[in-house]
Amino acid sequence: MYTIYVVFECLPDKREAFVETIKKEGILDAVRAEKGCLRYDYYFSEKDENELLLIEAWESKTHQQIHIEQPHMARLRALKDDFIVSTTLGEFELK
């Protein structure tokens, strides 16, 4: 299993709108239906109202690399300009 985290710093008052937009556009459903996707979940920080955490788990790193090339991910990257200030990525082992 290959697992990564993504921490988004959202523009003020844009965190929930970002998640709602990607849900409404079908991006979340498209990602979760991808071959090899085991988990793709967003979490809101209770400490920082502008912080959003994404946990992704894939059968392999290859599956995750294929995922980032999908058309719905290009749409997500385009949407980020309206909602996201910065993005931090990392890998970890999820048990």
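This is a short walk through the fold, the sheet and the main pocket of one chain.

Okay, a few ground rules. It's a predicted model, so local features need pLDDT of at least 70 and side-chain atom pairs count only at pLDDT 80 or more, while totals for chains, interfaces and linings use all residues. Residues are numbered from 1 along each chain as its sequence is written, and side-chain values use heavy atoms, with hydrogens and water left out.

Overall layout, then. We've got 4 helices and 4 strands; those are DSSP runs, H or I of at least four residues for helices and E of at least two for strands, numbered from the N terminus. Going along the sequence, the pattern reads β-α-α-β-β-α-α-β. The C-alpha trace spans about 35 × 30 × 15 Å along its principal axes. For 95 residues a compact globule would have a radius of gyration near 12 Å, and the chain's 13 Å agrees with that (taken over C-alpha atoms; the rule is 2.2 Å times the number of residues to the power 0.38).

On to the sheet. It's open, with 4 strands in the order 2-3-1-4 and antiparallel pairing, where pairing takes at least two DSSP bridges between two strands. Strand 2 and strand 4 (84–91) are the edges, each pairing on one side only. Strand 2 (residues 37–44) and strand 3 (residues 51–58) are joined by 7 bridges, and they make a hairpin with 6 residues between them. If you want a landmark there, Cys-37 sits opposite Trp-58. Strand 1 (residues 2–10) meets strand 3 through 8 bridges, with Thr-3 opposite Ala-57.

Now, what packs on the sheet? Helix 1 (residues 15–24) lies across strands 1, 2, 3 and 4, at about 150° to strand 2. Helix 4 (residues 71–80) touches strand 1, strand 2 and strand 4, and its direction makes about 15° with that of strand 2. Contact here is heavy atoms within 4.5 Å; axes are lines fitted to C-alpha atoms, for helices over the stretch in contact, with angles from 0 to 180 degrees between N-to-C directions.

Last stop, the largest pocket, at about 300 Å³. A pocket is an open set of points on a 1 Å grid over the protein atoms alone, where a 1.4 Å probe fits, with protein on both sides within 12 Å along at least five of seven lines; lining residues have an atom within 4 Å of a point. Of its 19 lining residues, Val-6, Glu-56, Gln-64, Ile-68 and Leu-89 are closest to the centre.

Definitions and conventions:
Points joined across faces, edges and corners; volume = space filled by probe spheres on them.
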